Amino acid sequence: MSVQSITTRARLTASATGMAGRNFMRRLMRSRLMRWRYRGPAINQLILVPQDLRTSDPSFSSELHHGQCGLAGIAAYIGQESPFVVRPPSPEWERDLHGFGWLRNLTAAGEQIARDQARALVAEWIALNRSMSGASWQPELVARRVISWISHSSLLLQGADTDYYDRVMESLTEQLRYLHAHWRDTAEGTDRLTALVALQLAGLAAAEMQPLLDECARPFNDQLRRQVLPDGGHVSRNPAILIEILLDLLPLKQCYISRNLTPPAELTSAIDRMMPMIRFFRMGDGALARFNGCGPTATDMLATVIAYDDSVKAPDELAEASGYCRLAQGHSIVIADVGSPPPPANSGAAHAGCLSFELSWGASPIVVNCGSPAHRDMEWSRVMRSTLAHSTLSLGHESSGQFLAARLDRSASADARLVGPTKVAASISRVEAGISLSASHDGYESRYGVVHHRRLTLSDEGRLLEGEDKLLAPSGLRGEARLGNGAFQIHFHLHPDVEPRPQPDGKSALLVLRDGTAWMLTTDSGAVGMDQSAYLAVDRGPRRSWQALIGGQFAPGTREAKVNWSLMQVAGEYEWTAAAVSEAQPPAMEEPAST
């Protein structure tokens with residue numbers, strides 16, 4: 001184990017110990033003896049209803065009426081039972097249920113039956129959750145529930161009888177007091193920011209809650225500075241998280257304005273930085289590039305966010321703080337990962353995809369990364385975090401980073417922390433024929449003495465992408481026996497709508513797109529092979545796809561191995577004949593190993 005791994009392991013152990021202490025304090029403060037210490041002003045009246053920008057589904061009301069409750073991609077049959085007493089079909093379903101985000105669906109239904117359903121379910125939740133314990137009282141869920149209840153207070157409270165109104169206000173007060181005491185117990189990252197958004201929103205929406213607003217302003221601003229990077233990316237490096245954060249921050253900003261208050265400078269600045277970064281990550285088909293936990297793009301919510309973007313600034317080519325590069329020429333877009341993993345506390349969903357890239361032509365994705373499942377799936381998530389699930393080079397079928405279990409008594413899991421590469425360099429230059437990216441990482445150096453260098457050059461018209469992958473071992477290759485004689489593979493994961501046709505020469509493959517255009521993948525080193533892959537960035541479940549592979553290895557006694565390849569659009573119109581792609585099973589890729 002490397003010195004870095006030991007250091008990181010010590011940090012993770014300390015973090016786990018601190019969390020155990022916080023969990024003990026949380027249990028203590030739930031007790032009747034301690035609750036009196038966390039009293040605050042009661043919410044008696046809501047004077048503002050924040051806008052819920054997330055997309056709604058009015059059919060949810062009808063489904064409930066027929067005994068179905070669809071959440072987190074699972075339609076659970078509840079019959080005449082309350083969804084709060086049935087056995088949850090998945091942890092994600094249970095979280096969505098207690099977060100009450102589905103209230104927006106009942107609001108959208110706009111019928112009396114939907115209003116009755118919403119009020120009945122809120123009353124059931126209040127009656128069943130007075131103990132302030134269990135899954136529903138995780139601080140991040142309390143935060144999401146507070147936001148949902150306040151944002152849909154018109155549905156819940158308008159015209160309600162006094163007894164019901166008082167019960168909802170009393171419960172909302174208790175939840176807000178609990179969140180005020182426990183927001184620090186949330187995981188570092190978006191959960192903590194959501195908790196502070198909920199407190200800010202309550203301070204604005206409820207009457208006479210200015211002290212709460214003032215008290216939470218400083219930690220809220222601190223979290224914005226920590227999580228939203230100078231170039232507008234998120235500290236987790238997941239492009240999709242930007243949408244989720246903006247869907248919370250935009251209504252919050254509007255609430256400040258509605259109360260005739262100036263929004264905090266940190267809030268306005270964070271929004272202004274994130275908007276161009278959303279455009280930075282968009283590929284030709286409008287979806288976000290699939291890096292570091294980004295799965296299917298919620299195109300409806302993305303469109304909502306973009307509607308608030310009044311910036312005319314073009315996306316940068318190199319987002320240095322976030323660790324990404326964007327090359328756009330003609331109708332082609334190339335986005336590459338040229339950054340180190342996030343800090344350990346934020347790397348639980350990060351992928352070992354350093355120097356991987358995606359390529360789209362017009363509205364057609366060509367080369368992609370496998371992405372992440374729409375809903376959390378341990379088996380898929382573990383596999384898709386590996387380097388082999390990304391369009392980059394893998395050495396010895398190993399990942400460029402190391403996955404560390406968050407606790408010493410746990411094996412590698414889908415939320416293992418990612419460590420390394422530690423040194424990643426990238427630069428962009430204009431060349432005679434277009435624009436070029438040069439990048440390198442040291443992810444394999446501590447294990448094998450090897451540094452990976454990659455150069456990508458996109459022509460002015462965007463019809464030619466030239467690549468060079470080079471492995472350097474300045475002091476000689478180490479660990480050959482475990483490595484397999486220095487063997488490596490360059491992966492080109494293809495979108496399911498790309499039909500590969502290997503050519504007779506063995507050194508090229510024609511890639512036919514659904515629109516009839518085609519690209520030729522060619523190498524001057526080794527051969528172009530094909531293998532199965534899987535594409536997860538779709539709501540309906542993983543799809544089978546293909547990946548092109550170019551193999552190579554270090555020659556005995558050498559300190560350098562190099563492969564040149566190119567992707568070039570070819571003339572003519574081709575018939576796309578690929579059959580419908582069925583659901584895929586997890587492929588035989590490397591699963592992240594625990595260290």
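Is Tyr324 buried or exposed in this predicted model? Tyr324 is buried, with a relative accessible area of 0%.

**Figure 1. The aromatic pair of Phe281 and Tyr324 is edge-to-face.** The structure holds 15 aromatic pairs. In the pair formed by Phe281 and Tyr324, the ring centres are 4.9 Å apart and the planes stand at 85°, so the geometry is classed as edge-to-face. Phe281 belongs to the loop between helix 13 and helix 14, whereas Tyr324 is part of strand 4 (residues 324-329), so the pair ties together parts that are 43 residues apart in sequence. Phe281 is buried as well, at a relative accessible area of 2%.

**Figure 2. Phe492 and Trp565 form an edge-to-face aromatic pair.** The centre-to-centre distance is 4.8 Å, with 80° between the planes. Phe492 lies in strand 15 (residues 487-493) and Trp565 in strand 21, 73 residues apart, and the pair thereby links distant parts of the chain. Both Phe492 and Trp565 are buried.

**Figure 3. A salt bridge joins Lys562 and Glu468.** The closest N and O atoms of Lys562 and Glu468 are 3.9 Å apart. This pair links distant parts of the chain, with Lys562 in strand 21 (residues 560-570) and Glu468 in strand 14 (residues 464-472), 94 residues apart. Lys562 is partly exposed, with a relative accessible area of 40%, whereas Glu468 is buried at 11%.

**Figure 4. A salt bridge connects Glu358 and Arg290.** The closest N and O atoms of this pair are 2.8 Å apart. Glu358 is found in strand 6 (residues 357-361) and Arg290 in the loop between helix 13 (265-280) and helix 14 (299-306), so the contact ties together parts that are 68 residues apart in sequence. Glu358 and Arg290 are both buried.

**Figure 5. Arg192 and Glu188 form a salt bridge.** The closest N and O atoms of Arg192 and Glu188 are 3.0 Å apart. Arg192 counts as buried because its relative accessibility of 13% is under the 20% limit. Glu188, at 28% relative accessibility, counts as partly exposed. In total, the structure has 21 salt bridges. Elsewhere, Arg54, Arg144, Glu244 and Asp248 are linked in a network of salt bridges.

**Figure 6. Helix 7 comprises residues 139-151.** The 13 residues of helix 7 reach 18 Å from the first C-alpha to the last, close to the 18 Å expected at 1.5 Å a residue. Of these residues, 12 are buried, so helix 7 is largely enclosed by the rest of the structure. The buried residues include Leu141, Val142, Val146, Ile147 and Ile150, and also the charged-type side chains Glu140 and Arg145.

**Figure 7. Aromatic residues form one cluster, and arginines lie over tryptophan rings.** The cluster is made up of Phe60, Phe84, Phe100, Trp102, Trp125, Trp137, Trp149 and Tyr178. The charged end of Arg145 sits over the ring of Trp137, 5.6 Å from the ring centre. Arg514 lies over the face of Trp576, at 4.0 Å from the ring centre.

**Figure 8. The protein chain has 17 helices and 21 strands.** As context for the close-up views, 55% of the 595 residues of the protein chain count as buried. Among contacts between residues at least 6 apart in sequence, 70% join residues at least 24 apart. The accessible surface comes to about 25000 Å², and carbon and sulfur atoms account for 50% of this area.

Terms used
Residues are numbered from 1 along each chain as its sequence is written. Side-chain values use heavy atoms; hydrogens and water are left out. A salt bridge is a side-chain nitrogen of Lys or Arg within 4 Å of a carboxyl oxygen of Asp or Glu. Buried means under 20% relative accessible area, exposed over 50%, partly exposed in between (1.4 Å probe, protein chains only). Helices (H or I, at least four residues) and strands (E, at least two) are DSSP runs, numbered from the N terminus. Contact means heavy atoms within 4.5 Å. Accessible areas come from the Shrake-Rupley method with a 1.4 Å probe; for residues, only the protein chains shown count as cover. The expected span of a helix is 1.5 Å times one less than its number of residues. Rings of Phe, Tyr and Trp (its six-membered ring) pair if their centres lie within 6.5 Å; planes under 30 degrees apart count as stacked, over 60 as edge-to-face and the rest as tilted. A charge sits over a ring if NZ of Lys or CZ of Arg is within 6 Å of the ring centre and within 35 degrees of the ring normal.
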